[in-house]
Amino acid sequence: MPASPGAIALHWFRNDLRLDDNPALTRAAEAGALLAIYIDETDDTLRPRGGAQKWFVHHALARLDESLKAKGSALVILRGASRDLVPQVAKSIGARHVTWNRRYGQAERDLDSGIKAELKDAGIAAESFNGHLLYEPMEIRSQAGGPMRVFTPFWKACRAKRPVEAPLPPPASLPPLPAIDHLPGRVSLDDLEFLPTKPDWAGGLRETWQPGEVGAQKRLLAFLAKGFRGYAEDRNRPDLPSTSMLSAHLAVGDISVRRVWQVTEQALAARETKASATDAEKFFAELGWREFSYHLLFHYPTLASVNYQPKFDAFPWVTDAGALAAWQKGLTGYPIVDAGMRQLWRTGFMHNRVRMIVASFLIKHLLTDWRAGEAWFWDTLCDADPASNAASWQWVAGSGADAAPYFRIFNPITQGEKFDPEGHFVRTHVPEIAKLPDKFIHCPWEAPGPILARAGIRLGETYPRPIVSHDEARGRALEAFKALPAAASNA
DNA sequence: TTTTGAGTTGTTCGA
DNA sequence: GTCGAACAACTCAAA
């Protein structure tokens, strides 16, 4: 259906806070007038964004508004139930078209289809697009016709099906705003109160991130120039700047994953990078894991709250508020764990290798329900993603699809020595033990008294002793996980 | 329908 | 120090 040149369109920004490669916005830009909105959704079926991501989104929205204004438009911000607001606003401005890019959680899909139906009843066309993924969950099936449950065949099936689509350019210009008298739920960006005030804990976030399209594109180019070469190995090293740091940008959509893919391929083709074919495959596979997580979320809508493998429902998780708090604050006494948890708290980010270590520690050493960790990450990660976060926590717990075997229990000392060999990562985030020699940086409790004294450390006072012994905790976890019944079918 | 090969990311122990 | 085996058994996906 061609857009009518004189018609009014409404574009609803969700996790697509960009002009570049935004198919729904591009479609809406064909109209004669355009209203672009973002809604702080209060629908009670939706999970609210976490605190760190709110900070990120605030700034991404500010940049988006600037970009829209530069093209003769502007961003209108609303707060309320989108179920009511979208139809109300569309009717009140006389819109003929409403566009958005699709989302994949069950509650979001239900909401969007309800809105679409109501718009249709009012004679308004609602059009949705893929702006978030390389391969949408509905496209990929096993030969038996069902969803894929194992990553490698999933990713092979994606790659075999078709090449990644080329991204769209940003719209050259945008139609003017329609006449607006009064819009229900209209607020200012500051009214959203997405920024922390008392206290302002966002200092480390400001140092770490530049939300918005410009910052996202800079980050991609910086990665291709510096971190990409050697990625296959070095992506595991939290002490090196060798991961892309694109996760938060992809989560809120201030860059499109198709654009990431295309710019990466172009850099490889033009030999602008010294990355090897293996480096490239590993990086693309990381994007593939994001795709796989969305595939799982789409087909298992309760991924963030219910064990994918039901046999875990009977697992005797331990509730220990003190241990959970020590983990959250980075006071477990294991330097690599504490460094990761403090990096998270300070910057809204944690290196992926360290995420696995701290998750394994919470679940296996402390026998804490993975959902407590998932919830903490949801609130503290700028890149909090409904699919990746849930799928990854279930993977570490062993309750997920294609999950880690029960006997895989990360040793926080050997992981630290292997992936942070000189302790740079630990020293950055746990300064009170920075003066320890490398030999003891991952196991301060083994340092002789004089060495601790010279480093200015009083164990149990300036830095905690380990809250659990690794050997004992490992043995306990092996017993508990081994006691699970033989795997029950999930079909 | 049955069979077969494979499955992100680890640790420990003993030779 | 290095290396292979054991740690379980299951499910998935395709042939």
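# Contacts, burial and backbone in chain A

Analyst: In this predicted model, Arg 290, Ser 293, Leu 296 and Leu 297 of helix α11 are in contact with Ser 388, Ala 390 and Ala 391 of helix α16. Sorted by class, this contact holds four nonpolar, two polar and one charged residues.

User: What makes α11 and α16 roughly perpendicular to each other?

Analyst: The axes of α11 (residues 277-299) and α16 (residues 388-397) meet at an angle of about 90° and lie 8 Å apart. Angles of 65 to 115 degrees count as roughly perpendicular. The value falls in that range, and α11 and α16 are therefore roughly perpendicular.

User: What makes Arg 290 the kind of residue that is in contact with α16?

Analyst: Arg 290 is one of the α11 residues that meet Ser 388, Ala 390 and Ala 391. Contact requires C-beta atoms, placed from the backbone, within 7 Å of each other.

User: Why is Tyr 294, in the same helix α11, placed in its burial class?

Analyst: Tyr 294 has 25 other C-beta atoms within 10 Å. A residue is buried at 20 or more, so Tyr 294 is buried. Beyond four places in sequence, Tyr 294 touches Tyr 104, Leu 133, Pro 137 and Ala 387. Leu 78 is 216 residues from Tyr 294 in sequence, and their C-alpha atoms are 27 Å apart.

User: How many C-beta neighbours does Ala 251 have, and what class follows?

Analyst: Ala 251, which lies in helix α9, has 24 C-beta neighbours inside 10 Å. The cut-off for buried is 20 or more, so Ala 251 counts as buried. Leaving out residues within four places in sequence, Ala 251 is in contact with Asn 15, Asp 383, Ala 384 and Asp 385. The C-alpha atoms of Ala 251 and Gln 53 are separated by 9.1 Å, although the two residues are 198 apart along the chain.

User: Why is Ala 9 buried or exposed?

Analyst: Ala 9 is in strand β1 (residues 8-13) and has 30 C-beta neighbours inside 10 Å. Against a cut-off of 20 or more, Ala 9 therefore counts as buried. Residues touching Ala 9 from beyond four places in sequence are Ala 28, Ala 31, Leu 34, Ala 95, Arg 96, His 97 and Thr 99. Gly 32, which is 23 residues away in sequence, has its C-alpha atom 7.7 Å from that of Ala 9.

User: Which class does Glu 193 fall into, and why?

Analyst: Glu 193 has 13 other C-beta atoms within 10 Å. Buried needs 20 or more and exposed needs 12 or fewer. The count for Glu 193 lies in between, so Glu 193 is partly exposed. Glu 193 is placed in the loop between β6 and α6.

User: Which class does Asp 402 fall into, and why?

Analyst: Asp 402 has 17 C-beta neighbours inside 10 Å, so it also counts as partly exposed. Its place is the loop between α16 and α17.

User: What is the phi of Glu 193, and what is that of Asp 402?

Analyst: Glu 193 is not a glycine, yet its phi is positive, at about 55°. Asp 402, also not a glycine, has a positive phi of about 55°. Most residues other than glycine have a negative phi.

User: What kind of peptide bond joins Lys 198 and Pro 199?

Analyst: That bond is cis, with omega about -5°. Most peptide bonds are trans. Pro 199 sits in the loop between β6 (186-187) and α6 (203-208).

User: Which residues come nearest to DNA strand B?

Analyst: Phe 151, Thr 152, Trp 289, Arg 408 and Asn 411 come nearest, out of 15 residues around the strand. A residue counts as near if its C-beta atom lies within 6 Å. α5 (151-161) and α17 (412-419) each give at least two residues to this surface. By class, the surface has eight nonpolar, four polar and three charged residues.

User: How many residues does each of domain 2 and domain 3 put into their contact?

Analyst: The assignment gives chain A domain 1 (1-131), domain 2 (133-164 + 212-299) and domain 3 (310-482). The centres of domain 2 and domain 3, over C-alpha atoms, are 26 Å apart. The contact takes 16 residues from domain 2 and 20 residues from domain 3. On the side of domain 2, α9 (247-252) and α11 each supply at least two residues, and α11 gives the most, with five. That side divides into eight nonpolar, four polar and four charged residues.

Key
Residues numbered from 1 in each chain as written. Chains lettered and ligands numbered in written order. Predicted model: local features only at pLDDT ≥ 70, side-chain atom pairs only at ≥ 80, totals over all residues. Axes fitted to C-alpha atoms, helices over the stretch in contact; angles between N-to-C directions. Helix = DSSP H or I, 4+ residues; strand = E, 2+ residues; numbered from the N terminus. Parallel < 35°, antiparallel > 145°, perpendicular 65-115°, else oblique. Contact = placed C-beta atoms within 7 Å. Nonpolar A, V, L, I, M, F, W, Y, C, P; charged D, E, K, R; others polar. Domains from an automatic or database assignment.
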